[in-house]
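User: I would like to go through this fold piece by piece. Please keep the answers short and show the reasoning.

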Amino acid sequence: MKFETLTIHRGIQQTDSNRPIVQPITLSTNFEHGSGPMIYTRANNPNRAALEDLLAAMEKGADAAAFSSGNAAGTAMFQALEPGSHIIAPDDMYHGLAQSMKVLFAGIHEVSFVDMADLEAVKRAVRPNTRLFWVETPSNPLLKISDIRAISDLAKAQGALLACDNTFATPVFQNPIDLGSDIVMHSSTKYFGGHSDILGGALVTREKNAFWDKIRAVQHIGGAVPSPTDCYYLVRSIRTLAYRMRGHAQHAMILADFLGQHPKVEKVFYPGLKHHPGHEIAAGQMSGFGGMLSFTVKGGASEAEAVVSKLRLFANATSLGGVESLIERRAAVEGPDTKTPQNLLRVSVGLEHTDDLLEDLDHALA
């Protein structure tokens, strides 16, 4: 099946003798012994089984594990690693997962934060105990592009795993497993949910192996799993994912072009722009450039905050991937140790009419 057809039909599993077109929510926390594979909803649930099957198919993987949040999914990866493992991660990676590495796994694993868009810097960071290369491409919030194929070659030579956070691109525009990744991670809160009302995360594996068994054990024993209702709504939302993502990407390109020519804008970060340093690599591993962009306002933090305060359609809020446009000064959220420029605004471009979005931006910048 083509991707659009797969997302509409694959996530529906018949569990009702009346054969409804949409799989109902199974709210029961337990199941009668001997009635089937389900025992207890922390271990498995019909709605989660349908979601995980759909996620694996979307990312062309062998299996998927759904979690209660993107952070829970990423943290499960780090829990499954042997203690003393060295991780190479982006120096501008998502703040929440960076904090997981720095705080929860301090003294358990070693982490080197490097510019993953610089292949030579990645090579220099390799140590004898390097066990995981963590790639986030496009990255959050600087929209850097990492060469997944090249880093996959490094990981294989080291006998290490490559995991790719594919949240920004989604499988609509990028399939990291096809490019050599062993594990793909998603914050399904974002584009999979698409309406800013579901919290979730997921891991998809290239193959079922001993390491994947450990991740499944973390999911089962740790219990950080999504509710049946969350799984139901994720399957529902994913049915429109392909069409929403095309709209997000189309709108982001229009806004990036506009901002790039505005006299009050210092720099625009969007891989669809030909002058973006990662444009060629992105064009080689992505079929579209996504709905996220960042830009720096001329001046400092106060000038950036002034722009945000004058916007009417862009909500000043965290997270991303919803149908509504959001904007945020990331440095204010990430805290004093952030490397994000103080005048940088990250934009989740929504599906409103672009004429209205451009008018709002032009008014705020003026």
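**Loops, sheet and helix packing**

Analyst: In this predicted model, P138 is found in the loop between β4 and α6. P141 has its place in the loop between β4 and α6 too.

User: What is omega for the bond that joins T137 and P138?
Analyst: Most peptide bonds are trans. The bond between T137 and P138 is cis. Its omega is about -5°.

User: Which peptide bond is cis with omega near 15°?
Analyst: This bond involves P141, in the loop between β4 and α6. The cis bond with omega near 15° runs from N140 to P141.

User: In what order do the seven strands of the open sheet stand?
Analyst: The sheet is open and its pairing is mixed. β1 and β3 (110-114) each have a single partner strand, so they stand at the edges. The twist averages 20° from one strand to the next. The order is β1-β7-β6-β5-β4-β2-β3.

User: Is strand β7 (residues 201-205) largely enclosed or not, and how many of its residues are buried?
Analyst: G201, L203 and T205 point one way, A202 and V204 the other way, and all are buried. The strand is therefore largely enclosed by the rest of the structure. The count is five of the five residues.

User: Which residue of β7 is the bridge partner of F67?
Analyst: Strand β1 (residues 63-67) and β7 run antiparallel, joined by five bridges. F67 has its bridge partner in β7. That partner is G201.

User: Which residue of β7 is the bridge partner of I183?
Analyst: Strand β6 (residues 183-186) pairs with β7 over four bridges, in the antiparallel sense. For I183, the partner in β7 is T205.

User: Do β4 (residues 130-136) and β5 (residues 161-165) pair in the parallel or the antiparallel sense?
Analyst: Five bridges link the two strands. L132 has L161 in β5 as its bridge partner. The sense of the pairing is parallel.

User: What angle does the direction of helix α6 (residues 148-158) make with that of β4?
Analyst: Helix α6 packs on the sheet. There it touches β4 and β5. Its direction and that of β4 make about 170°.

User: Are α3 and α8 parallel or oblique to each other?
Analyst: Helix α3 (residues 70-80) and helix α8 (residues 210-222) pack with their axes 9 Å apart, at an angle of about 125°. The crossing is right-handed. The two helices are therefore oblique.

User: Which residues of α8 meet α3?
Analyst: On the α3 side, A76, M77, Q79 and A80 take part. The contact residues divide into six nonpolar, one polar and one charged. From α8 come F211, K214, I215 and V218.

User: At what angle do the axes of α2 (residues 46-58) and α9 (residues 228-238) cross?
Analyst: Residues in α2, including L51 and L55, meet residues in α9, including Y232 and V235. By class, the contact has ten nonpolar, one polar and one charged residues. α2 passes α9 in a left-handed crossing. The axes come within 8 Å and cross at roughly 35°.

User: Is R19 buried or exposed?
Analyst: R19 lies in the loop between α1 (3-9) and α2. Its phi is positive, about 50°, although it is not a glycine. Its relative accessible area is 58%, and exposed means over 50%, so R19 is exposed.

User: What is the relative accessible area of S196?
Analyst: S196 lies in the loop between β6 and β7. It has a positive phi of about 55° although it is not a glycine. S196 is partly exposed, with a relative accessible area of 45%.

Note on methods: Residues numbered from 1 in each chain as written. Predicted model: local features only at pLDDT ≥ 70, side-chain atom pairs only at ≥ 80, totals over all residues. Heavy atoms only, no water. Axes fitted to C-alpha atoms, helices over the stretch in contact; angles between N-to-C directions. Parallel < 35°, antiparallel > 145°, perpendicular 65-115°, else oblique. Left-handed = near helix turned anticlockwise from the far one by under 90°. Contact = heavy atoms within 4.5 Å. Nonpolar A, V, L, I, M, F, W, Y, C, P; charged D, E, K, R; others polar. Buried < 20%, exposed > 50% of the residue type's maximum accessible area, 1.4 Å probe, protein only. Pairing = 2+ DSSP bridges.
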